[in-house]
Amino acid sequence: MKKFNNVILKVSAILLIAATLMTGIDLTTVYADTPYKTYMMDGYNSIRETQTAYEAYKTLIKFDDEVICAPMDMCVTDNGYIYIADKGRADTDAKDDIDNSIAPRILVGTLDGEFVTAIGEGTLVSPHGVYVTDNNHVYVADRDAEAIFEFNMQGEVLNKYTKPTSPLYGEKTSFLPIKIVVNDAGIMYVVCESNTNGIVEISPTEGGTFLGYFGTNFASTDLWTIFRRAIATDAQKAQMVSNIPATPDNLAIDDRGLILTVTRGDEKTTLKRLNIAGKNLIEECPGYADIPAAVCAGQHDNIFVVDSQGYIYEYNSEGELLFVFGGLDDGSQRVGLSSMAAAIQTDTEDRIYVLDTDKKQIQVYEPTEFTNLLHEALYLYSKGLYTESKAPLAEVLAMNSMYDYANKAMGRAYFQEENYEMALHYARLAKDKQGYSDSYWEIRNQWLKDNLVTVLVIAVVLYVVYAVLKNLDKKKGIFNGVRNAWARAKENTVVSNLTYAGYFMKHPVDGSYGIAREGRASWIAPSIILGIFTIEFVIDKYLSGFLQKLMSGLREGRYEIGSDIGKVLLVVAGLTACNYLVCTINDGEGTVKKIYTYFCYSLTPYIILTPVNFALSHVVTINEQFLITLTELIMYTWVLVLAVMAIKEVNNYTANETFKVIGLTLFTILIMALLIFIIYVLWAQVFEFVSAIYGEVVYRLGW
């Protein structure tokens, strides 16, 4: 039996070797399973895991016998070649006097790892960037040579562009080109090291004409920095960090001639898509790379960015994040993980190529069926074929119904077809604020066209009914019974105090006097008002219009009603207690009951105006959100004014004393919150300690 097993093993090994030779596997590449996760960004701008978008396909480590020595940049062309800017190496074996040095060059190979040629040997000094035009002219940004070289495929130098002589460039500004792209007209866009003025734009005419700086970044600042500089002396200003714009880290050009740039530290403007005037066409990029290394244009009006740690970001043309995948190699040498990514490119088959300068290799990724369907939809939509784009989008959603970008794209397709009901449905699924607003506006507009006459007739009828009833009441007193009943009800102390809250809202000074001197302070009526406030707060938070909830960051289907009620009660209790302590120390006349009463009564404007906002939230679009914002501003300002006036009048303070007490109250609240947090942490540690001891005892005793 053992002998038979050995025979089987030998035969299996022979068959495996034969299969390997017959399939012609390239021994310069390595294959492995995908060792990373893929993430997407949902409609709430939160990163969530999704199915694999790109699989690690292979790794290129050399071209035939030509190894990649010190790669800095690469360019993949549509005709299937890879151009690598290789700084080479200087290495001589002293023992046997064998020269292993490799000159700086542009290494050219095929996508399958076959060596084609080397360009620029003996000419280049330190190639940092490479770009190849459609007519196969190779442009090299050589940092240490302080020049840009233009070669043909035979390696002949066609042109050499050095530092521009124009005074607009800057006489003291160095010319250290590190990245370059060229448009169809031969205009060069160059990133120069330490040049904060922007991208250098050079025309090939007259040996290189400086056209100006392009796509200059802006220096960001804040109010604190402005204030410090305003009051600082010249010596102090000299010691401050200079507030200068960042230099772009890398750039690319798409098939429309738009320039793509990435700049670290710019957060939501890390990725830019610049038109011919230098205007950024991407408003913001919420899913940005922290340390972007390179950018390239895809085949479907999409954009790829890779950061230094090997994470790859795919965006659509508007800067919306589609996928994030890849990652940093932890030393396991897994295919698909990088150590120091420096360049990214795509080919006509949608494969992605990432250059790793640390590993001296190129990681290759290929799209999955899920991604191919999404790319097909992107392409069809970009061409105006909205109806045709729905079929691949439907397949994408069949694979992952929670992929919000596909829902968003489906909604946009329906909107272009003027099917606004379906557009609204998918916009809601995708949490697409603008798409939902546009669809709702169209639906509302059509409803008004169909029902405007009916609405006007109902309004006129209601007004006539109101006028008739008012006239009858004036002549015959038909509502005297209601008025008498209301008058009798107001004789009840609780009802009287509740209605007094309305008087306090309109006349805070006199109302505060009533609380302080006329016995209007109570526990029941303010508690009822606080209860109404809490109910309205919860209803407004969870049942307001979709746009309002989305703009406030509330996730649908997530309810924390108990926590919300607890927060309201805790805030009111904390305000009352802290204000009472401060007022007592500062000779205030307010008791706990009075302070609790005026804080609750101050909430009356919220109770009156919140139903207005609630109704508006169900009928306004994004362009009309200012109505809700304005109402909220009036409401919260009114509440604040009532509270301040009550503190002053009830405690018989001057204006200065009032603001002093308010400041001390806020400080006391901060201290109280800190104490509560410390006590919570200590009790949590005690509980954890007791639980650990109990668990150990149970384990030791074997219970």
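Val130 is found in strand S13 (residues 127–132) of a predicted model, in which local features need pLDDT of at least 70, side-chain atom pairs count only at pLDDT 80 or more, and totals for chains, interfaces and linings use all residues. Residues are numbered from 1 along each chain as its sequence is written, and side-chain values use heavy atoms, with hydrogens and water left out. Helices (H or I, at least four residues) and strands (E, at least two) are DSSP runs, numbered from the N terminus.

## Strand S13 and its hairpin

Val130 counts as buried because its relative accessibility is 4%; buried means under 20% relative accessible area, exposed over 50%, and partly exposed in between (1.4 Å probe, protein chains only). The strand around this residue is mostly covered, since six of the six residues of S13 are buried. Which residues does Val130 contact, leaving aside its neighbours within four places in sequence? They are Asp73, Met74, Cys75, Tyr83, Ala85, Ile106, Val138, Tyr139 and Ile180, where contact means heavy atoms within 4.5 Å. The C-alpha atoms of Val130 and Ile84 are separated by 7.2 Å, although the two residues are 46 residues apart along the chain.

S13 runs antiparallel to strand S14 (residues 138–142), and five bridges join the two. Two strands pair if DSSP finds at least two bridges between them. Gly129 has Ala141 in S14 as its bridge partner. S13 and S14 form a hairpin with five residues between them, and Asn136 in the turn has a positive phi of about 65°.

## Two open sheets

One open sheet consists of four strands in the order S7-S8-S11-S12, with antiparallel pairing. Strand S7 (71–76) and strand S12 (115–119) stand at its edges, each with a single partner strand, so one side of each is left without a neighbour in the sheet. On average, neighbouring strands of this sheet are turned by 20° against each other, direction ignored; axes are lines fitted to C-alpha atoms, for helices over the stretch in contact, and angles run from 0 to 180 degrees between N-to-C directions. Five bridges join S7 to the antiparallel strand S8 (residues 81–86), and Met74 stands opposite Ile84 in S8.

Another four strands form an open sheet in the order S17-S18-S19-S20, again with antiparallel pairing. Its edge strands, strand S17 (177–182) and strand S20 (209–214), each pair on one side only. Here neighbouring strands are turned by 25° against each other on average, direction ignored. Strand S19 (residues 199–203) and S20 run antiparallel and are joined by five bridges; the bridge partner of Ser203 in S20 is Thr209.

## Positive phi in two loops

The table sets out two residues, neither of them glycine, that take a positive phi.

| Residue | Phi | Loop | Relative accessible area |
|---|---|---|---|
| Ser194 | near 70° | between strand S18 (188–192) and S19 | 62%, exposed |
| Asp301 | about 60° | between strand S24 (292–297) and strand S25 (302–307) | 22%, partly exposed |

## Helices

The axes of helix H12 (residues 524–543) and helix H15 (residues 592–601) come within 9 Å and cross at roughly 35°. Ala525, Pro526, Ser527, Ile529 and Leu530 in H12 meet Tyr596, Thr597, Cys600 and Tyr601 in H15. The residues of this contact divide into seven nonpolar, two polar and no charged; Ala, Val, Leu, Ile, Met, Phe, Trp, Tyr, Cys and Pro count as nonpolar, Asp, Glu, Lys and Arg as charged, and the others, Gly among them, as polar.

H15 also helps to cover the buried residues of helix H11 (residues 508–517), as do helix H10 (493–506) and helix H17 (625–650). These buried residues are Pro508, Gly511, Ser512, Gly514, Ile515 and Ala516. Just after H11, Gly519 takes a positive phi of about 75°.

## Nonpolar cores

In soluble globular proteins, nonpolar side chains tend to be buried together. A nonpolar core is a set of buried Ala, Val, Leu, Ile, Met, Phe, Trp, Tyr and Cys residues joined through side-chain atoms within 4.5 Å. The largest has 36 residues, and those with the most contacts inside it are Ile344 and Tyr403. Leaving aside neighbours within four places in sequence, Tyr403 is in contact with Met40, Leu322, Phe323, Phe370, Leu374, Val396 and Leu397. Apart from this core lies another, of 34 residues, among them Ala501, Phe533, Val568 and Val572.
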